[in-house]
Amino acid sequence: MSLAGLLGMAQAHEADAIVNSAEQALSSGGTAAALAGFEQAAATRHSAEIEMGLVRSLMQTGTYREALAFCAHTAGGHLDTPAAAALYAWLLRAGGQEAFADRLLNQTLALAPDDAVALATRRAFDAGGLAPSGVMLDLPH
């Protein structure tokens, strides 16, 4: 393997360690540390996992509008990650934008009809609640 390949692998491992640390901080209520960690990881690579961590950190700090705006970016920039669109739909619905949330989720399911997170989100929406359960509680969404 080339030196560039080895350096790339080392950077990937470092970013993974930062994400894991940020997830631990977020789960223990350390939102400032989590936000800083996800931002540091985002500086090393562009990924839906990292961006969804940023969104969840922003929500935990109480900055809904900023979280919603960044989640829109995440969902639009990672069309290959239906969970990002499901998270965006969830935040829209929580903010009272039910029609837009449903439209977004329907579009997501049209593109990824078997995605477990999108399907679970649809079931939650159909049940009329906003209490995530099951696969919706798995990381990174």
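The lining of the second largest pocket divides into seven nonpolar residues, five polar and no charged. This pocket belongs to a predicted model. About 160 Å³ of space lies in it. The largest pocket has a volume of about 190 Å³. Helix α5 supplies residues to both linings, and α5 also gives the most to the largest nonpolar core.

**Second largest pocket**

- The lining consists of A75, G76, H78, L79, T81, P82, A85, L104, Q107, T108, L111 and A112.
- Three helices give two or more residues each to this lining: α4 (64-77), α5 and α6 (98-111).
- Helix α6 contributes the most to the second largest pocket, with four residues.

**Largest pocket**

- This pocket encloses a volume of about 190 Å³, and 14 residues line it.
- Closest to its centre are L87, W90, P132, M136 and H141.
- Its lining residues divide into 10 nonpolar, two polar and two charged.
- At least two lining residues come from each of α5 (82-94) and α7 (116-127).
- Helix α5 gives the most to the lining of the largest pocket, with four residues.

**Nonpolar core**

- The largest nonpolar core holds 39 residues.
- Which residues have the most contacts inside this core? They are F38 and Y88.
- Seven helices give two or more residues to the core: α1 (3-27), α2 (31-42), α3, α4, α5, α6 and α7.
- Helix α5 leads here, with 10 residues.
- Leaving aside residues up to four places away in sequence, Y88 touches L68, C71, A72, A75, F100 and L104.
- Two of these contacts of Y88, A75 and L104, also line the second largest pocket.

**R93 in helix α5**

- Is R93 buried or exposed? R93 has a relative accessible area of 12%, and buried means under 20%, so R93 is buried.
- R93 lies in helix α5.
- Not counting residues up to four places away in sequence, R93 touches E98, A101, D102, F125, G128 and L130.
- One of those contacts, F125, is itself a buried residue of α7.

**Helix α3**

- Helix α3 covers residues 48-61, which makes 14 residues.
- At 1.5 Å a residue, α3 should span 20 Å. Its end C-alpha atoms are 20 Å apart, so the span agrees with the expected one.
- Because 10 of its 14 residues are buried, α3 is largely enclosed by the rest of the structure.
- The buried residues are A48, I50, E51, M52, G53, L54, V55, R56, S57 and L58.
- Charged side chains are among these buried residues, including E51 and R56.
- Just after α3, G62 takes a positive phi of about 90°.

**Helix α7**

- Helix α7 has 12 residues.
- From its first C-alpha to its last, α7 reaches 16 Å, close to the 16 Å expected at 1.5 Å a residue.
- Its buried residues are V117, A118, A120, T121, R122, A124 and F125.
- What covers the buried residues of α7? The cover includes α5 and α6.
- Helix α7 also supplies at least two residues of the largest pocket's lining, and two or more residues of the largest nonpolar core.

Definitions and conventions: Residues numbered from 1 in each chain as written. Predicted model: local features only at pLDDT ≥ 70, side-chain atom pairs only at ≥ 80, totals over all residues. Heavy atoms only, no water. 1 Å grid on protein atoms, 1.4 Å probe; cavity = no way out; pocket = protein on both sides within 12 Å on 5 of 7 lines; lining within 4 Å. Points joined across faces, edges and corners; volume = space filled by probe spheres on them. Expected span 1.5 Å × (residues − 1). Buried < 20%, exposed > 50% of the residue type's maximum accessible area, 1.4 Å probe, protein only. Contact = heavy atoms within 4.5 Å. Core = buried A, V, L, I, M, F, W, Y, C linked by side-chain atoms within 4.5 Å.
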